[in-house]
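Subject: Structure for your review

Hello,

Please find the structure below. My notes on it follow.

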Amino acid sequence: MSLGSSLYHARKKSGLTQENVAERLGVSRQTISKWETDETLPDIRQSKAMAVLYHMTLDELIEYDFDEEQARQMIDSVSDQAQAKIDWNKVWSKKYPVLATYHERVRTGDYAPALGEMLTRLQVEYGYNHTDAVLVLKDILARVWKGQL
């Protein structure tokens, strides 16, 4: 996560607006915006003042990462209609480039029958709808990958 993103999330978690922070630090709101978008960087004194303002150490502020609850809130804030328009494969491929290219190398048709059978079993044996069966299968794969199964 970039420093600007860390500053943004720490400010949001503290419940402060850019205006609040700017006023307390004696800078403009535009300055806070530029720090949060990585256009410019705060100096060490300003960074320490923000850490105090956000009730964090300077190290915590620099390496701040939002927690699971904040991630859940972000997901919940996107409407179902908006989510349907998002190409999630394209979004995730920015972080994991293999998602944009694997289909050119992997013969996905070789895997489709076995995966289809697993999805059908989840639907028939447990009564899951198609979407839920896909999510359960994804979770099973993730647990296998992490060595939890």
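In these notes, two residues are in contact when heavy atoms of theirs lie within 4.5 Å of each other. The model is a predicted one.

Core

By that criterion, and not counting residues up to four places away in sequence, Met50 touches Leu7, Val21, Leu25, Trp35, Pro42 and Leu61. Met50 is also listed with Val21, Tyr54 and Leu61 as the residues with the most contacts inside the largest nonpolar core, a set of 14 residues. Five elements give two or more residues to this core: α1 (3-14), α2 (18-25), α3, α4 and α5. The largest share is that of α4, with three residues. As background, nonpolar side chains tend to be buried together in soluble globular proteins.

Helix α4

Three further residues of α4 were looked at one by one.

Ala51 is in helix α4. Is Ala51 buried or exposed? Its relative accessibility is 0%, and buried means under 20%, so Ala51 counts as buried. Leaving aside neighbours within four places in sequence, Ala51 is in contact with Met56, Thr57, Leu58 and Leu61. For the pair Ala51 and Leu61, 10 residues apart in sequence, the C-alpha to C-alpha distance is 5.9 Å. Leu61 also appears among the residues that Met50 touches.

Lys48 belongs to helix α4 as well. Its relative accessible area is 45%, so Lys48 is partly exposed. Between the C-alpha atoms of Lys48 and Asp59 there are 9.5 Å, with the two residues 11 apart along the chain.

Ile44, also in helix α4, has a relative accessible area of 56% and is therefore exposed. Its C-alpha lies 16 Å from that of Ser2, and the two residues are 42 apart in sequence.

Positive phi in two loops

Which residue has a positive phi near 65° without being a glycine? That residue is Asp38, found in the loop between α3 (29-36) and α4 (44-53). Asp38 has 38% relative accessibility, so it counts as partly exposed.

His55 likewise is not a glycine and has a positive phi, of about 60°. His55 sits in the loop between α4 and α5 (58-62). With a relative accessible area of 73%, where exposed means over 50%, His55 is exposed.

Ser93

Ser93 is placed in helix α8 (residues 88-95). Ser93 is buried because its relative accessible area is 14%. A polar atom of the Ser93 side chain lies 2.7 Å from the backbone oxygen of Lys90. Not counting residues up to four places away in sequence, Ser93 touches Leu99 and Ala100.

Helices α10 and α11

Two packed helices are described by the angle between their axes and the distance between the axes. What are these values for helix α10 (residues 108-126) and helix α11 (residues 130-145)? Their axes come within 9 Å and cross at roughly 115°. The crossing of α10 past α11 is right-handed. On the α10 side, the contact is made by Leu115, Met118, Leu119, Leu122 and Gln123. On the α11 side, His130, Ala133, Val134, Val136 and Leu137 make the contact. By type, the residues of this contact are eight nonpolar and two polar, with no charged residue.

Summary

To recap, the largest nonpolar core has 14 residues, and α4 gives the largest share of it. Within α4, Ala51 is buried, Lys48 is partly exposed and Ile44 is exposed. Positive phi values occur at Asp38 and His55. Ser93 in α8 is buried, and α10 and α11 cross at roughly 115°.

Regards

Methods
Residues are numbered from 1 along each chain as its sequence is written. This is a predicted model: local features need pLDDT of at least 70, side-chain atom pairs count only at pLDDT 80 or more; totals for chains, interfaces and linings use all residues. Side-chain values use heavy atoms; hydrogens and water are left out. Axes are lines fitted to C-alpha atoms, for helices over the stretch in contact, and angles run from 0 to 180 degrees between N-to-C directions. Helices (H or I, at least four residues) and strands (E, at least two) are DSSP runs, numbered from the N terminus. A crossing is left-handed if the near helix is turned anticlockwise from the far one by less than a right angle, and right-handed if clockwise. Ala, Val, Leu, Ile, Met, Phe, Trp, Tyr, Cys and Pro count as nonpolar, Asp, Glu, Lys and Arg as charged, and the others, Gly among them, as polar. Buried means under 20% relative accessible area, exposed over 50%, partly exposed in between (1.4 Å probe, protein chains only). A nonpolar core is a set of buried Ala, Val, Leu, Ile, Met, Phe, Trp, Tyr and Cys residues joined through side-chain atoms within 4.5 Å. A polar contact is a pair of N or O atoms within 3.5 Å; within protein, one must be able to donate a hydrogen and the other to accept it, and residues adjacent in sequence count only if both atoms are side-chain atoms.
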